[in-house]
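User: I'd like to go through this model piece by piece, with short answers and a bit of reasoning. Can you show it?

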Amino acid sequence: MKTFRNREPLKLYLRIILASAVTLLVGAVGFYFTLPAINPRSEGFWGALFVLCVIWGAAYAFFSAVNAPMVMNKKKSKGFFSENGMKWVIVAAVIPIAVMLIGSAISSTFFHAEAYSNIIEVKEAVFEEDMPETDTVTNIALMDSESATIIGNRTLGALSDVVSQFEAGYSYSQINYGGAPVKVTNLEYVDFFKWINNRGSGIPGYIKVDPVNSGAEYIKFREPMKYVESAYFGDDLMRKLRFLYPTKIFDEVTFELDENGDPYYIVSCMNPRISLFGAMDVNEVIIFDPVDGTSEIYGVSETPSWVDNVFTGTLASQKYDWYGMLKNGFWNSVIGNKDCKVTTDDFGYIILGDDVWYFTGVTSISSDESNIGFIISNARTGEYKFYPVIGAEEYSAMSAAEGEVQEKGYVASFPSLINVSGEATYIMVLKDSGGIVKLCALVNVENYSIVATGANQTEAKEEYLKLLKRNGVVEEIPETPTTEETKKVSITVTEVREMTLDGTTVLYITDENGVMYKQKISADESIVLIRVGDKIDVVYTDTEIEKIKQAMSWSYTEG
């Protein structure tokens with residue numbers, strides 16, 4: 001008996017040491033592959049801790065069971081989970097579970113409705129001032145990510161030297177590049193063996209999609225990327241980031257280009273703003289260089305202006321919903337719903353100034369088919385603006401556009417908002433079953449029965465203006481300014497021809513030098529009076545075809 005008492009404490013310490021060693025080994029392997037944030041304000045941290053506690057308790061129970069035949073009085077073992085071991089398993093598991101449950105409860109909107117509603121400030125703005133009318137919309141990504149993916153894959157498929165080893169990235173980032181909206185994605189390795197074969201040379205380039213004009217091109221980097229999501233082991237992007245910043249709670253990781261066209265990953269870091277887990281919001285931004293693995297971290301307000309994506313559209317909508325639903329208290333959001341409003345369940349993009357902004361409608365919680373306004377949110381700074389424009393919500397407008405060409409079976413993209421003759425107007429594209437953009441559509445926000453479609457923006461807008469006049473919304477069709485340089489020339493008419501395509505009649509006039517000028521007859525019916533031999537003045541703009549000019553107006557000099 002004396003000998004046993006001297007040996008028993010050593011066996012207890014040994015069981016603890018062995019269980020801890022097993023837990024550390026399993027935890028290290030698990031951390032390498034699952035990469036949780038080592039941060040007590042992350043629910044994932046407590047979930048991982050729960051698993052480790054269970055592993056430790058199970059290991060301790062196992063070693064207790066192995067030791068059981070040697071206990072005092074040589075009592076019979078109770079199996080893998082001895083009574084003493086089971087107690088430790090339960091104790092070890094209860095603590096992190098309790099923290100998660102209690103932490104979530106005390107961080108909820110039930111206790112902090114006012115704090116949630118004050119997360120953001122929303123300024124009311126004037127739609128016509130912030131979004132002046134333009135001739136052609138060049139600041140809105142009319143193409144959605146699905147169509148961008150299709151066009152990007154086709155572009156990559158034409159490149160035999162890279163398509164066998166690489167594939168387009170998993171998602172397209174919306175950025176402002178060179179003053180215009182573009183969608184970009186870097187190439188990724190196809191599989192593990194392609195990574196092995198190409199690891200030394202890295203990722204060679206990226207795909208850039210023009211979402212306004214439905215074009216795409218592959219562009220090579222000046223230096224290849226080493227760290228990407230499809231790489232393995234130490235080259236894996238998320239593993240590299242986690243080892244550099246073990247305590248940061250990562251949100252979105254976005255591929256972007258700086259002003260010189262060099263690649264970077266923009267990593268948004270989250271932190272709860274209420275209690276332990278509540279109101280997760282971006283508080284820091286990591287700018288990571290995937291070429292050499294270096295990085296810098298900034299506060300949100302210090303983020304360089306070339307960065308576009310700090311806040312996601314989903315987070316921007318979530319924060320506005322807190323603002324719109326909870327400002328009159330939790331119970332009002334559940335029962336009374338007085339003055340409660342929420343965003344629609346999708347968003348679009350607009351380029352304003354040097355920044356990308358999210359656009360989404362705002363509707364009363366009790367409304368089904370109408371908006372009471374819309375918001376835009378700055379993807380870099382998190383600024384919000386509200387425009388009190390009452391009318392159809394986005395999905396009603398999408399259905400109206402689809403119904404206009406229902407025989408074709410086209411599907412509308414999520415729209416954005418533009419100003420046409422002072423009228424708030426939804427603009428969107430219509431896609432075929434293959435995701436290819438076929439038409440552009442304009443739908444009046446206030447009266448979504450006013451729908452116009454066209455092969456491009458110009459045609460759709462011309463038809464839309466006619467409908468506005470026909471429905472008494474505007475008295476006259478205004479002359480919209482053009483950003484292209486206009487020129488004037490005196491010519492002698494040598495040939496006149498008409499051509500009708502898709503129901504639109506265009507007059508083509510050739511001068512003595514063989515230069516052709518074209519204009520739709522619907523734009524100025526008097527041009528049908530022009531005859532061969534007439535001498536006229538033509539105001540025109542250049543087109544992509546050298547020998548054909550786009551006429552803006554005509555006037556007789558002789559004839």
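Analyst: Before the sheet comes up, one working rule: two strands pair if DSSP finds at least two bridges between them. Bear in mind that this is a predicted model.

User: How many bridges pair strand 8 with strand 9, and in which sense?

Analyst: Pairing takes at least two bridges. Strand 8 covers residues 263-274 and strand 9 covers residues 278-288. They pair in the antiparallel sense, and the count is nine bridges.

User: What is the bridge partner of Val267 in strand 9?

Analyst: Strand 9 offers a couple of handy markers for this pairing. Pro272, for one, has Met280 as its bridge partner there. For Val267, the partner in strand 9 is Ile286.

User: Which residue takes a positive phi in the hairpin of strand 8 and strand 9?

Analyst: That hairpin has three residues between the strands. The one with a positive phi, near 55°, is Ser275.

User: And on the other side, how many bridges join strand 9 to strand 10?

Analyst: Strand 9 and strand 10 run antiparallel. One spot to look at is Ile287, which stands opposite Glu296 in strand 10. Their hairpin has six residues between the strands, with Gly293 at a positive phi near 80°. The number of bridges joining the two strands is five.

User: Which strands stand at the edges of this sheet?

Analyst: It's an open sheet of four strands with antiparallel pairing, in the order 7-8-9-10. Strand 7 (249-257) and strand 10 (295-299) each have a single partner strand, so one side of each is left without a neighbour in the sheet. Neighbouring strands are turned by 30° against each other on average, direction ignored. The edges, then, are strand 7 and strand 10.

User: How many of the residues of strand 9 are buried?

Analyst: Buried means under 20% relative accessible area. Helix 10 (residues 313-326) lies across strand 8 and strand 9, running at about 150° to strand 9. Strand 9 is mostly covered, and of its eleven residues the buried ones number eight.

User: Asp281 is in a salt bridge with which residue, 2.7 Å apart at the closest N and O atoms?

Analyst: Asp281 counts as buried, at 4% relative accessibility. Its partner counts as partly exposed, at 47%. Salt bridges that share partners also bring Lys319 into one network with this pair. The residue 2.7 Å away is Arg273.

User: How many residues apart in sequence are the parts that Lys431 and Glu146 tie together?

Analyst: Lys431 and Glu146 form a salt bridge, with 3.5 Å between the closest N and O atoms. Lys431 lies in strand 20 (residues 423-431) and Glu146 in helix 6 (residues 145-157), so the pair ties together parts that are far along the chain from each other, by 285 residues.

User: Is Lys431 buried or exposed?

Analyst: The cut-off for buried is under 20% relative accessible area. Lys431 comes in at 5%, so the label is buried.

User: How many salt bridges are there by this rule?

Analyst: The rule asks for a side-chain nitrogen of Lys or Arg within 4 Å of a carboxyl oxygen of Asp or Glu. Asp191 and Lys194 make the cut at 3.8 Å, N to O. The total is twelve.

User: And how many disulfides?

Analyst: A disulfide needs a pair of cysteine sulfur atoms within 2.5 Å. There are buried cysteines, including Cys53 at a relative accessible area of 17% and Cys340 at 4%. The disulfide count is zero.

User: Which residue caps the N-terminal end of helix 9?

Analyst: Helix 9 spans residues 237-244, and its buried residues are Leu237, Arg239, Leu241 and Arg242. At the N-terminal end, a side-chain oxygen lies 3.2 Å from the backbone nitrogen of Met238. That oxygen belongs to Asp236.

User: Which residue in the loop between helix 11 and strand 11 has a positive phi near 60°?

Analyst: The loop runs between helix 11 (330-336) and strand 11 (341-343). The residue is partly exposed, with a relative accessible area of 28%. It is a residue other than glycine, namely Asn337.

User: Last one: what percentage of the 559 residues of the protein chain count as buried?

Analyst: The protein chain has 13 helices and 27 strands. Residues 24 or more positions apart account for 54% of its contacts with a separation of 6 or more. The buried share of the 559 residues is 46%.

How values were computed. Residues numbered from 1 in each chain as written. Predicted model: local features only at pLDDT ≥ 70, side-chain atom pairs only at ≥ 80, totals over all residues. Heavy atoms only, no water. Buried < 20%, exposed > 50% of the residue type's maximum accessible area, 1.4 Å probe, protein only. Polar contact = N/O pair within 3.5 Å; in protein donor to acceptor, adjacent residues only side chain to side chain. Axes fitted to C-alpha atoms, helices over the stretch in contact; angles between N-to-C directions. Contact = heavy atoms within 4.5 Å.
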